[in-house]
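Student: I am new to this structure and would like a close look at one part of it. Could you take me through the loop residues whose backbone angle phi is positive?

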Amino acid sequence: MFRSGFVSILGRPNAGKSTLLNALVGEKVAIVTSKPQTTRTRIHGVVEVAARKGKHPAAQIVFVDTPGVHKPGSWLDRRMMQEVHDALESRDVVLLMVDATRRLELGESRGASEDAFVFELIKKLDCPVFLLINKIDLVRREELLPLIAQLSALHPFAEVFPISARKGDGLDSLVTKLIEYLPEGQRYFPKDQYTDQPERFLVAELIRERILQETGEEVPYASAVVIERFEEPDARAKNPLTRISAAIYCERKGQKAILIGKGGSKLKSIGTNARKEIESLLGTRVFLELHVIVEENWRERRGFVESLDWRKQLEDLGEK
């Protein structure tokens with residue numbers, strides 16, 4: 001017997017969804033920063049689980065990381081929330097992640113809070129929902145039981161798991177329990193594949209991660225990265241070199257000035273640090289060229305926002 005299925009990870013911004021995905025997969029498939037709304041699209045992480053006698057059969061779990069649930073303002077926000085809804089359409093189990101260190105806003109203004117918005121979303125689901133209380137390493141044990149009781153009163157969760165995605169606590173038990181809930185089926189992805197994302201998108205995300213980490217205020221949210229050139233190395237080369245050119249889009253000239261920095265120092269720092277991560281990902285030397293383009297109010301323009309989706313970019317590349 002073999003089991004397989006899709007498990008969507010849902011939660012507020014900064015709940016730790018991408019950290020969980022990376023920990024489960026054992027590879028960096030989603031960028032992680034302390035800034036909310038880091039994830040902008042659905043990201044698949046594939047986990048192949050060997051059979052354990054007396055415990056569970058072999059399985060393939062396709063985890064789907066989603067953007068943090070928030071009230072949409074710009075077209076980009078609406079697109080991100082559409083990604084959440086799409087991830088909830090085709091799933092066998094949903095994991096609702098809650099940050100144990102953050103006070104829930106479910107009181108008088110239930111209809112208005114983002115926590116309430118999340119619970120309204122899961123109410124409509126007809127699949128098992130697991131409650132994951134994350135960051136338990138940062139709270140006292142006696143604080144957990146009241147939190148579990150409060151949340152369990154809001155929804156009939158199939159299972160409740162206190163975890164630490166950062167430290168890996170509770171993840172083995174979570175995977176074992178998930179396999180119980182998955183249907184019998186075939187692999188969706190080859191055994192050795194750990195994500196459906198193309199290298200071009202992973203590279204763009206690593207560059208965006210550096211921007212998020214190295215710039216403050218509004219710049220990270222107003223920036224987008226598009227890979228313009230991706231030249232794979234000659235397979236026969238002794239010391240292969242991948243050549244990459246990327247455009248960083250922002251919305252205003254002031255943001256461009258921040259991204260470039262005095263004498264180009266900030267852009268150089270972003271490029272140097274991103275290149276190290278990209279070399280680790282690709283396993284080759286990398287020549288990385290970055291330039292900054294002002295695209296006014298791009299977050300409000302549907303056509304531009306949709307052009308950032310890697311699935312759309314792959315379609316466009318296929319048509320060339």
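Tutor: Happily; we will look at two loop residues and then step back to the whole protein.

This is a predicted model, in which local features need pLDDT of at least 70, side-chain atom pairs count only at pLDDT 80 or more, and totals for chains, interfaces and linings use all residues. Residues are numbered from 1 along each chain as its sequence is written, and side-chain values use heavy atoms, with hydrogens and water left out.

Let us begin with K135, a residue other than glycine whose phi is positive, near 70 degrees. Its place is the loop between β5 (129-134) and α4 (141-152). Helices here are DSSP runs of H or I with at least four residues, and strands are runs of E with at least two, numbered from the N terminus. K135 counts as partly exposed because its relative accessibility is 22%; buried means under 20% relative accessible area, exposed over 50%, and partly exposed lies in between, with a 1.4 Å probe and protein chains only.

Now turn to N297, which is not a glycine either and has a positive phi of about 50 degrees. You will find N297 in the loop between β9 (285-294) and α9 (302-307). With a relative accessible area of 46%, N297 is partly exposed too.

For the wider setting, the protein has ten helices and nine strands. Of its 320 residues, 51% are buried. Along the principal axes, the C-alpha trace spans about 55 × 50 × 40 Å.
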